[in-house]
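This briefing covers the model shown below, grouped by topic. Confidence and overall layout follow the local salt-bridge details.

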Amino acid sequence: MSDNSTPQSIPANNRLVLLGTLLVGIISTFVVLYALTNRPRNFGTPTVDLSQEYTGVQALTTPRTVKDFTLVDETNTPVSLSDFRGKKVVLFAYPKAGTSGCTTQACGFRDQFPKMEANGVVVLGISPDAPKDQKKWAVKEGLQYNLLCDTDHQVLEAWGAWGEKSMYGKKYMGVVRSHWVIDEHGVVIDEQLGVSATESVEKAVKSLGW
């Protein structure tokens, strides 16, 4: 006996219900995908330390109290940093007495010296030069402040102002032009490592609030 039966057709009402169910499923899928791809991403909250002040080539990350040191000056007289406790001190480092850039820096502080002295600010220069070279330069340029002689550059190294330099493709170790402004309590309030001769004077004066 042959089977002559034919598939029964789905009633129209049922077809509409099925179609509606499929559409709802498709729409729901798109909604979920859209929400996943467009939700806000949390990469963490960036942390900004507002206590840090970046003032130059290298940042003064945290206030610090300086360590005392004693060096002879251009007259071969011992001078200690602690001699000036209770006063603000501008200490600037330069590579070599009598050279062009160092003269620009030193004479810049010379020109500011009357105002600094009137406000109780001490100015000190420091380099690896010998006393006789410092004195000859001081007399020639009319420098009114002490020039400290760090001939073995131990202080300069400790203060971060000694490092690798390059000239005409040749690398060597030497003084990195810098300055520090130290408050009455021996705390560094401005530090510029690797600063230019003219900017050294400008930034030091600015840190004093002038």
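Lysine 171 counts as exposed, at 60% relative accessibility. The model is predicted, and lysine 171 is taken first for its salt bridge with glutamate 164.

**The E6–E7 hairpin**

- The closest N and O atoms of glutamate 164 and lysine 171 are 4.0 Å apart.
- Glutamate 164 is exposed as well, with a relative accessibility of 57%.
- Strand E6 covers residues 162-167 and strand E7 covers residues 170-175. The two strands pair in the antiparallel sense, over six bridges.
- Opposite glutamate 164 stands methionine 173, a residue of E7.
- Two residues separate the strands of this hairpin, where tyrosine 168 has a positive phi near 55°.

**Other salt bridges**

- The whole structure holds four salt bridges.
- One of the four joins the side chains of aspartate 129 and lysine 96, at 4.0 Å from N to O.
- Aspartate 129 sits in the loop between E4 and helix H3 (131-141), and lysine 96 in the loop between E3 and H2, so this salt bridge ties together parts that are 33 residues apart in sequence.
- Aspartate 129 is buried, at 6% relative accessibility, whereas lysine 96 is partly exposed, at 47%.
- Lysine 132 and aspartate 133 form a salt bridge in which the closest N and O atoms are 3.4 Å apart.
- Lysine 132 is exposed, its relative accessible area being 63%; aspartate 133 is partly exposed, at 33%.
- Side chains of opposite charge can pair when their charged atoms come close.

**Nonpolar cores**

- The largest nonpolar core has 22 residues. Those that touch the most other members are Phe69, Leu81, Leu124, Ile126, Trp159, Trp180 and Ile182.
- At least two residues of this core come from each of E3, strand E4 (121-127), helix H4 (154-158), E8 and E9.
- Another core, of 21 residues, lies apart from the largest one. Its members include Ala97, Cys102, Phe109 and Leu147.
- Leaving aside residues up to four places away in sequence, leucine 124 touches Leu81, Phe84, Val89, Val90, Leu91, Phe92, Asn146 and Leu148.
- In soluble globular proteins, nonpolar side chains tend to be buried together.

**Helix H5**

- Helix H5 spans residues 197-207, and its buried residues are Ala197, Ser200, Val201, Ala204 and Val205.
- Viewed down the axis of H5, these buried residues fall within an arc of 120°, so they line one face of the helix.
- Exposed residues Glu202 and Lys206 are on the face of H5 turned away from the buried side.
- The cover over the buried residues of H5 includes strand E3 (88-93), helix H2 (100-118), strand E8 (178-182) and strand E9 (188-193).
- Glycine 209, just after H5, has a positive phi of about 85°.

**Positive phi in loops**

- Asparagine 76 is not a glycine, yet has a positive phi of about 70°. This residue belongs to the loop between strand E1 (70-72) and strand E2 (78-80).
- Asparagine 76 is exposed, with 52% relative accessible area.
- Histidine 153, also a residue other than glycine, has a positive phi near 50°. The loop that holds histidine 153 runs between strand E5 (146-149) and H4.
- Histidine 153 is partly exposed, at 21% relative accessibility.

**Overall layout**

- The protein has five helices and nine strands.
- From the N terminus on, the order of elements is α-β-β-β-α-β-α-β-α-β-β-β-β-α.
- Of the 210 residues in the protein, 36% are buried.
- Among contacts with a separation of 6 or more, 61% are between residues 24 or more positions apart.

**Confidence**

- The average pLDDT of the protein is 83, and 71% of the residues score at least 70.
- Over residues 39-59 pLDDT stays under 50. The model has 17 contacts beyond four places in sequence for these residues.
- Where pLDDT is low, the predicted coordinates should not be read in detail.

How values were computed:
Residues numbered from 1 in each chain as written. Predicted model: local features only at pLDDT ≥ 70, side-chain atom pairs only at ≥ 80, totals over all residues. Heavy atoms only, no water. Buried < 20%, exposed > 50% of the residue type's maximum accessible area, 1.4 Å probe, protein only. Helix = DSSP H or I, 4+ residues; strand = E, 2+ residues; numbered from the N terminus. Arc of directions from axis to C-beta. Contact = heavy atoms within 4.5 Å. Core = buried A, V, L, I, M, F, W, Y, C linked by side-chain atoms within 4.5 Å. Pairing = 2+ DSSP bridges. pLDDT = per-residue confidence, 0-100.
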